[in-house]
Structure formats: C-alpha cells, structure tokens
Amino acid sequence: MVTTDMGGTSFDVGLVLDGRPVMSNTTLIGRDELALPSVAVRAIGAGAGSIASVRNGVLQVGPESAGARPGPACYGRGGTRPTVADADLVLGYLNPDNFLGGRLTLDVDKARAAIDEHVAKPAGLTIEQAAEGIKTIVDARMADLVRQVTVEQGYDPADFAVFAYGGAGPLHAFSYGAELGCPQIVVPLTASVHSAFSIGCSDLTMVEELSKPLQTPPGTTDHATALAPDELNATFDELAARARRDLIAAGAAEDSITFAKFVEIRFRAQIHVLTVPVDADRITPADVNAMVERFVEIYEGRFGKGAAFLEGGVEITTFRVVATSPVPRAEFDTGALGKAGGAEPGTRRVFSGGQWRDAAVYRAEHLHDGLRIEGLAIVELRDTTVVIGPGQDAEVDRFGDIIIQNR
C-alpha cells in the first residue's frame, strides 16, 4: 500500500511492500544527510493550511502555510489569506457547524472573502471556480508526489491501495486516489491521530548494519564461490548479537525477539543499490544464488526487463539486521458503531465538477459494520471528514474503517 498523510502543513508519502515499510539508507535532518537508516518518506508543503495565491496570472497552492494560528481564514483567528481548508469549506465538503465535532465553528463568509480577494478576482474566476481550482491543484500536487514514490521507483500505482490519514487526508484521498488509478482507498478509524496512535503501538525495533563490501568477479555464475556463506552468516550473527543486546537493555524479553536480515546489493561499478531480504536462517550456497536472483528480479522490476548485467559481477555493500520485540496490540472498542436501520443520512450541496450537486451526509452514528455508501457522499467524523466521490462506493468494516473503491 501507499501511505498518505495530509495534515495542516504537509503531505507525506511512503510505501509498504510485502508487509514491510520501504527504508532509506540515509536520514535527512534539516539540510544534513546522516548515514542512518530510516523509513523512506517524501513530503511536500501541501496541507489544509497551505496558502493559495495568484502570481503572474498563475494559481499556486503552498508551500507557505497559515499553520494553526492564525490558521485558515475560516478559523476566525486573524488569518486573511485563503487556504485549502477555506476552499474545502466554500465547496461544501466541510460542515461549518460540525468541524472537530462542533468544537470549532467555521466562518464561511471569511473563507469566501479571502478566496475572492486573493484568488477569484486576480484570476477572473467566480469564488466557487477559484475554490475548486485550489482543490484541483493541491490534489494534483499530491498525486504527483505519489507518482514519484511509485512510478519513478518502478511500481504501478494501480497495484496499490491508498492508506489515507491525517486530519485532511480522508477529505482529499478520493480525488488523488482516483487520479492515480488506485483500486482502493482505506480510511482507518484512527485517521486523524493515526501517526501518534501507531507510534504508541509500534514494536520495539533495533537496527544494526555494517558496511562490508563483497564482490563477485565478472562472468561469475556460481555466486556462492565469491560470497562465502560462512562469512555472510558470521556477519549477520555479529549484527544480531548487537541488536539483541541493545533490545534487552531497553527492556525487551529475550525470548520475544525476532530478526529480519537484509543485504544491499548493486552491480559492480554502478551506483544503484537495492535492498534484498535474506529469508534463510542459516545461509547456504543455494541461498546465496537465490539472493542474487532476487536482486536481479527487483532490479529489472525497477529499471526494466533486460536491464540487469550479471556478466559484470555484483557487490554486496551493506549488511543489515532488524531486531523486533512486539508490544501488546491495541483493542478497538467497536461498540461506538451505530446499528443497521438507524437514522437516515442528510444531504448537502457540494460544488464538484463545475456545478452544484447533492451529496449524502453521514455522521458517526450512521456507521455500522457492512454499511455501503454510494458517492457522492460525505462522512462527518469527530476529527476528520471523509469524502466518497462520484463514481465511487464505500463500505464500513467491523472496526469502523471506511474502504472506498472506484466503480
């Protein structure tokens, strides 16, 4: 799946492949790149607070943000410049009286005035057209970032489900998910606080790695001759011992620790390094050859069939061990879900596709296991708003997650 987190200031994207997050060999802190592995996440300045403006006749959205204070004009906290949230409100996607479960009343007039002054009049548009332009641009920017993480890395977005969270992600995912051709969009019950919730439930993890170049000569067919299994096993054993020691020192029970092993491989004299999992407990010559075959498969999947050049030899650059100790899993209280046959949803006018349309409006009390929702529809939750677009259907699962699918 492709993970998409849209908050107030940024839009962050990562990939999960075969149940594991894609990792980066380095970590960027400010402008400093550190040789420390981290989850690979790309971000742009595209959030609910991103400011829209017209410069040289061109409508732009972000990267400047209004932040939380003063925030969007509709917050009524002194902000006067139009943001994505103001556009969402003017278009009818946000309920001014039920934002944050009614804890904050949004000012539609201030949102319209900000868009009119800074976008509509300079661009020669109506307020609604300007608001839809703001939403279209920010959705396109987010879709482009997902393409960078998928297409530019050799993956087809149509093979991925979009996992949409953050306060604003569930409102915009229906649009950028459809543009990307992703078959499914999943909005978790925890969407608005998903990052905080997940870090609190994350397993204890320790990563140990070692840069230790090992090469095979050009023309090699039996890679286990140059990449001796005994040496590989000894290196992984050393890293696993370090990781085990540190996890135990952090309070993990020794018998709870599991290990995952990886190598980073490239073709000799090339710069493209790819991470390859090593599944064998004790590596044999057959496992070495299988590891190289897996590298070739990943390489050609990213760079094209026939791009591999085994005749030039391969090089292991880095060994990595990820040690994990699980923590207790959170249990969801599904009793908060409503019951089938409850109150009927309401309706609200939404400006979509250049015209006003009627959208069904659901609230938390309407949701129950198995509920099917036909778009255009809006689901107002306590801390976020979910939109199911035209041509899409959604279903609520037993946890209260909302799964959107294109028809």
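Contact, in what follows, means heavy atoms within 4.5 Å. With that in hand, hello everyone, and let me start with one residue. Valine 379 touches Tyr362, Leu367, Ile373, Thr384, Thr385, Val386, Ile388 and Ile402, leaving aside residues up to four places away in sequence.

A quick word on ground rules. This is a predicted model, where local features need pLDDT of at least 70, side-chain atom pairs count only at pLDDT 80 or more, and totals for chains, interfaces and linings use all residues. Residues are numbered from 1 along each chain as its sequence is written, and side-chain values use heavy atoms, with hydrogens and water left out.

Now, the cores. A nonpolar core is a set of buried Ala, Val, Leu, Ile, Met, Phe, Trp, Tyr and Cys residues joined through side-chain atoms within 4.5 Å. Buried means under 20% relative accessible area, with a 1.4 Å probe and protein chains only. The largest such core has 73 residues, and Val379 is among those with the most contacts inside it, along with Phe11, Ile115, Leu367, Ile373 and Ile402. Helix α3, residues 127–149, gives the largest share of this core, 10 residues. Another core, of 26 residues, lies apart from it and includes Leu227, Val276, Ile283 and Val321.

Back to valine 379, this time as part of a sheet. Helices here are DSSP runs of H or I with at least four residues, strands are runs of E with at least two, and both are numbered from the N terminus. Two strands pair if DSSP finds at least two bridges between them. Valine 379 sits in β20, opposite tyrosine 362. Strand β20 (residues 377–380) pairs with β18 in the parallel sense, over 4 bridges. β18 (residues 355–363) also runs antiparallel to β17 (residues 346–352), joined by 7 bridges, with arginine 348 opposite alanine 359 in β18. These two strands, β17 and β18, form a hairpin with 2 residues between them, and glycine 353 in the turn has a positive phi of about 65°.

The whole open sheet has 4 strands in the order β17-β18-β20-β21, with mixed pairing. β17 and β21 (385–388) are at the edges with a single partner strand each, so one side of each has no neighbour in the sheet.

On to the other sheet. How are the strands β13, β14, β15 and β16 ordered in it? The order is β13-β16-β14-β15, open, with antiparallel pairing. Here β13 (204–215) and β15 (274–278) are the edge strands, each with a single partner, so one side of each is left without a neighbour in the sheet.

β16 (residues 314–325) pairs with β13 over 10 bridges, and with β14 over 10 bridges as well. Looking at residue partners in β16, valine 322 stands opposite valine 207, arginine 320 opposite glutamate 209, and glutamate 315 is the bridge partner of arginine 266. Is β16 covered or open to the outside? β16 is mostly covered, with 12 of its 12 residues buried.

Two helices meet this sheet. For their angles, axes are lines fitted to C-alpha atoms, for helices over the stretch in contact, and angles run from 0 to 180 degrees between N-to-C directions. Helix α6 (residues 229–249) packs on the sheet, touching β13, β14 (258–267), β15 and β16, and its direction makes about 155° with that of β13. Helix α7 (residues 285–303) lies across β14, β15 and β16, at about 140° to β15.

That's my tour, thanks for listening!

Terms used
Buried < 20%, exposed > 50% of the residue type's maximum accessible area, 1.4 Å probe, protein only.
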